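The exercises below are meant to be worked through with the sequence and the structure side by side. Try each task before reading its solution.

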Amino acid sequence: AIATVHFQIGELERGNAALARIPADVRQPRVVEARCRAQKVVALRAPASKAMLDALAFLRESIETLPAEDRFQLVADYVELVIAHQSVPDTKLDRALVENAVQRLSTEVERRPECPSFYLQLQRCHELLGDQERATRNALLHEQKKRAFEGQPRFDQRGRPRCPTGD
């Protein structure tokens, strides 16, 4: 948790120092999420870099290590990276990458249909793929879900966010 807070406020070195005290083989979901957050911070600084490609691969692998109910935040982070990477001017569209992001998001929408940010991310992915009809549909769903989510509990029974942070 300490590492995640450091990453959220842009203190990459302090976050990495906190993670360094945890054995590399620990697969507890919060630790996996923190390691992924470190990769995400570095990747977003240079969306067209090798660091971005490494982060995408790391998050893809890490998502699979978590129980299904704990994947939603990492999926949202992964898709954020896909969108950032594919939005760099002069970057060739990697359809398979974006379609993989859509597939992962669709799975999370089935689990958590109330989360507005999933629909916004789907909209952006469909725009990248050139499917304006689906992009428009998801933009409308995003607005509907955003209004419906206002005033609703933000945390589940375990005290964790119900939707990806930022909603």
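## Exercise 1: Glu 33 and its surroundings

At 13% relative accessibility, Glu 33 counts as buried, because the cut-off for that word is under 20%. The model examined here is a predicted one.

Task: find the helix that holds Glu 33, and list the residues that Glu 33 contacts when its neighbours within four places in sequence are left aside.

Solution. Begin with the location: Glu 33 is found in helix α3. Next, set aside the neighbours within four places in sequence, and the contacts of Glu 33 that remain are Asp 70, Leu 74 and Arg 160. Finally, place one of these partners, Asp 70, which sits in the loop between α4 (50–65) and α5 (72–86).

## Exercise 2: A buried aspartate in a loop

Task: decide whether Asp 70 is buried or exposed, and identify the residue whose side chain makes a polar contact with that of Asp 70.

Solution. The first step is the accessibility, which for Asp 70 is 5% in relative terms, so this residue counts as buried. The second step is to look for a partner of the side chain, and here a polar contact of 2.5 Å links Asp 70 with Arg 158. The third step widens the view: apart from neighbours within four places in sequence, Asp 70 is in contact with Pro 29, Glu 33, Arg 158 and Arg 160. Glu 33, met in the previous exercise, thus appears again in this list.

## Exercise 3: The two faces of a helix

Task: determine which residues of helix α2 (residues 12–20) are buried, and which exposed residues lie on the face turned away from them.

Solution. Going along α2, one finds that Leu 12, Gly 15, Ala 18 and Leu 19 are buried. These residues are on the same side of α2, because the arc that they cover around the axis is only 125 degrees. The face turned away from this buried side carries the exposed residues Glu 13, Arg 14 and Ala 20. It remains to ask what lies over the buried residues, and the cover includes α1 (2–8) and α3 (29–45).

A residue of α1 can be followed a little further, since His 6 lies in that helix. With a relative accessible area of 12%, His 6 is buried. Its contacts, leaving aside neighbours within four places in sequence, are Glu 11, Arg 14 and Gly 15. With Glu 11, the side chain of His 6 forms a polar contact of 2.6 Å.

## Exercise 4: Sorting the cysteines

Task: state how many disulfides the structure holds, and explain why the sulfur of Cys 125 is not bonded to that of Cys 115.

Solution. The count is 1 disulfide, and this link joins Cys 115 to Cys 163, with a distance of 2.1 Å from S to S. Distant parts of the chain are linked by this pair, for Cys 115 is in the loop between α6 (95–111) and α7 (116–129), while Cys 163 is in the segment after α8 (132–149), 48 residues apart. The angle about the S-S bond is -85 degrees, and the link is left-handed. Both ends are buried, Cys 115 at 0% relative accessibility and Cys 163 with a relative accessible area of 4%.

Turn now to Cys 36, which is in no disulfide, the nearest cysteine sulfur being that of Cys 125, 18 Å away. For Cys 125, the closest cysteine sulfur is in Cys 115, and since 16 Å separates the two, they are too far apart for a bond. Cys 36 counts as buried at 1% relative accessibility, and Cys 125 is buried with a relative accessible area of 0%.

## Exercise 5: The second largest pocket

Task: give the volume of the second largest pocket, and say which element gives the most to its lining.

Solution. The volume of this second largest pocket is about 280 Å³. Its lining consists of 14 residues, and those nearest its centre are Thr 4, Arg 30, Glu 33, Pro 161 and Thr 165. The elements that give two or more residues to this lining are α1, α3 and α5. Among the contributors, α3 gives the most, with 4 residues. The residue of the opening exercise, Glu 33 of helix α3, is therefore met here once more, as one of those nearest the centre of the pocket.

Key
Residues are numbered from 1 along each chain as its sequence is written. This is a predicted model: local features need pLDDT of at least 70, side-chain atom pairs count only at pLDDT 80 or more; totals for chains, interfaces and linings use all residues. Side-chain values use heavy atoms; hydrogens and water are left out. Buried means under 20% relative accessible area, exposed over 50%, partly exposed in between (1.4 Å probe, protein chains only). The arc is that of the directions from the helix axis to the C-beta atoms. Contact means heavy atoms within 4.5 Å. A polar contact is a pair of N or O atoms within 3.5 Å; within protein, one must be able to donate a hydrogen and the other to accept it, and residues adjacent in sequence count only if both atoms are side-chain atoms. A disulfide is a pair of cysteine sulfur atoms within 2.5 Å. On a 1 Å grid over the protein atoms alone, a cavity is a set of points where a 1.4 Å probe fits but cannot get out, and a pocket is an open set with protein on both sides within 12 Å along at least five of seven lines; lining residues have an atom within 4 Å of a point. Grid points are joined across faces, edges and corners, and a volume is the space filled by probe spheres set on the points.
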